[in-house]
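Colleague: I am new to this model and would like to know how its descriptions are justified. Please take me through a few of them.

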Protein chains: 2
Amino acid sequence: MGRPTIADIARQAGVSKGAVSFALNGRPGVSEQTRERILRVAQEMNWRPHSAARALGGARAGAVGLVLARPARTVGVEPFFAQLLSGLQAELSACSTALQLLVVEDTAAEIEVYRRWSSEHRVDGFVLVDLQVHDPRIAVLEELGTPTVVLGGPRRQGSLPTVWADDRAAMLSIVEYLAALGHRRIAHLAGLPAFLHTQRRIRALRDAARRLELVEAYSVPTDFSDAEGAAATRALLARRERPTAIVYDSDVMAVAGLGVAAEMGVAVPGELSLVSFDDSVLARIVHPPLTALTRDTFALGELVARTLLAAVEDPLGRLEVKTATPRLTVRESTAVPRR
Amino acid sequence: MGRPTIADIARQAGVSKGAVSFALNGRPGVSEQTRERILRVAQEMNWRPHSAARALGGARAGAVGLVLARPARTVGVEPFFAQLLSGLQAELSACSTALQLLVVEDTAAEIEVYRRWSSEHRVDGFVLVDLQVHDPRIAVLEELGTPTVVLGGPRRQGSLPTVWADDRAAMLSIVEYLAALGHRRIAHLAGLPAFLHTQRRIRALRDAARRLELVEAYSVPTDFSDAEGAAATRALLARRERPTAIVYDSDVMAVAGLGVAAEMGVAVPGELSLVSFDDSVLARIVHPPLTALTRDTFALGELVARTLLAAVEDPLGRLEVKTATPRLTVRESTAVPRR
DNA sequence: CCGATTTGCTAAACCGGTACAGCGATGCGG
DNA sequence: CCGCATCGCTGTACCGGTTTAGCAAATCGG
């Protein structure tokens, strides 16, 4: 015989299917004595629920979805995502919920996946990342009605539950640190301008520059790739008045920038200070190790998972959770600028 | 009304559920005319199959599983896995199959997940990676009978379909290249000795050393972490007779090694040549860029997916697919050793 | 001691598809 | 013109759970 079903258990234990269902789900309707007998039989027969059968009765699918839109071949799945995934799963698997992960080409394909998985009842909820300035995904997900947690608020529009960190405060802490060291010309290699967090960081830098009376502070948008990170760094360092410090929006770009500095013979941190907005193994292993913004991405993942599961339980809740502001870890890539 | 079902479509089109099922699945049993009408109605009502209902009829679950055993917080999901994932999904989503990804703490937990997902009918098959020397997972998966593709043969024992690359030939090409440059003292920072591919690489180096009459060639096992990569490199460079070339089993360790060399003032490639067994963005962005073994991991993922889907179709097939041997991409971290 | 409630269980409907037996209409060979 | 195969479709059982209506026995209150 193949997989045992509750009908097999019922026969074996001499009760009805309904009784077995009650017993296995810890619901009232059977005596304590019968429950124990049924549980023992189920145990002996090594029974497990058939997830599809469960999901069919209008119940939960037992999975949540995470869709990333990136060109397939260029996926670098940064340490950030690896950590996030890890945290998500730690929490999800504690609640026996699976994670469906999919990498697609672009936002249009991503939306299509939301529609499909939602109407196929394949998942109970979604995690939305890489929030854009005018994000077409929000409206779709609200319309679909599938519980969704947005990573990267604070809420702009829409009514989806949100988990966010204070990017603005983080950028301010970097700029204040550099200014305190004596830097007056600071460049910022930003990510894709379409991302909301990129905008917030750019604005934070501009505001801080005005307040701290910096001579020069500007953001250069990139596509987050190592190639653009390297090219933009090369352009900056070729200027006559070059910046004394560069802030990178990702660790990959920061490491690429460090490589360019080495290649051009610019001493780090002697002539140039580098800061990465993202900390990870990468920032630690290069020489000199990079000063970087550290956040507990694993914990962030756990928090997102908890928030999502809460939203699945109670789809009407309107949560907005703010996480700890990331803190700067000073390493050896930053120093007082040489006169 | 909520999601439309085939019953709704049947009512709307004035036919029976059975006819709708035939029409939607492109099976004979309805006239071309009726089929078109049904498809049009389904389109208008925006119908999608309920994945659970499909899976219930003994049919496919429409998903495959990939379980990685790594300590939760230390996941670095290397570029290798990111690329592999990407390739897997490109192929899987073309066949509308989802990927269930789970990161667990250790092999015991991994096996438990295989048992659970298999008996819950949550997936149609598994991808097995990080093959170990005496791998307890093989027997479990064979017993479960769920189609599984092993990445990293050649087949040792067991009868599961396998996809593998020739690690041995790859290592030989690296050593031959270094020997041709004039290197006679070569060290190898290997990965976990429990992994089959680590063993194969170690053996290949030993054999090549004998054949090429190297003065010294030895493998140092590590846990693949940046920390051990750095520590082992430091130890090697502190010797009186230090190696003139080091081969790293992963890009992360190679970059960490490069950092140590910079810190200790050892010139790369002047005094020390470095080779990474894994190519990725990392190897390209540091300075000097690393000579590395390049393989098309994306294509590997696609191939694994195709092989798995074939195994799901025909569980009795005994496939063994060998992929192209990776080729060495020479960059600036290797040179003739200084006398 | 009787009616009302609670307890412990059974039988059957149901979820949304798939698979298959069967049936009337049509076409075809002899 | 009859018997038989084929076509196009209907009706229904079925997958493995959950849920509900219902029922007999036990318990309770008055």
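**Contacts and crossings**

Modeller: A phosphate oxygen of DNA strand C is 3.2 Å from an N or O atom in the side chain of Asn25(B). The model is predicted, with local features needing pLDDT of at least 70 and side-chain atom pairs pLDDT 80 or more, while totals for chains, interfaces and linings use all residues. Residues are numbered from 1 along each chain as its sequence is written, chains are lettered from A in the order in which they are written, and side-chain values use heavy atoms, without hydrogens and water.

Colleague: What makes the pair of a phosphate oxygen of DNA strand C and the side chain of Trp47(B) a polar contact?

Modeller: A polar contact is a pair of N or O atoms within 3.5 Å. For Trp47(B) the distance is 3.1 Å, so the pair counts. A polar backbone atom of Ser16(A) is 2.7 Å from a phosphate oxygen of the strand.

Colleague: Which residues are closest to DNA strand C?

Modeller: The closest are Ser16(A), Ser31(A), Thr34(A), Ser21(B) and Arg54(B), and 26 residues surround the strand; near means a heavy atom within 4 Å. Sugar and phosphate make up 62% of the strand's atoms that come within 4 Å of the protein.

Colleague: Why is α5(A) called oblique to α13(A)?

Modeller: Helix α5 (residues 79-94) and helix α13 (residues 297-313), both of chain A, pack at about 45°, with axes 7 Å apart. Angles under 35 degrees count as roughly parallel, over 145 as roughly antiparallel, and 65 to 115 as roughly perpendicular; the rest are oblique. Therefore α5(A) is oblique to α13(A).

Notes
Axes are lines fitted to C-alpha atoms, for helices over the stretch in contact, and angles run from 0 to 180 degrees between N-to-C directions. Helices (H or I, at least four residues) and strands (E, at least two) are DSSP runs, numbered from the N terminus. A polar contact is a pair of N or O atoms within 3.5 Å; within protein, one must be able to donate a hydrogen and the other to accept it, and residues adjacent in sequence count only if both atoms are side-chain atoms.
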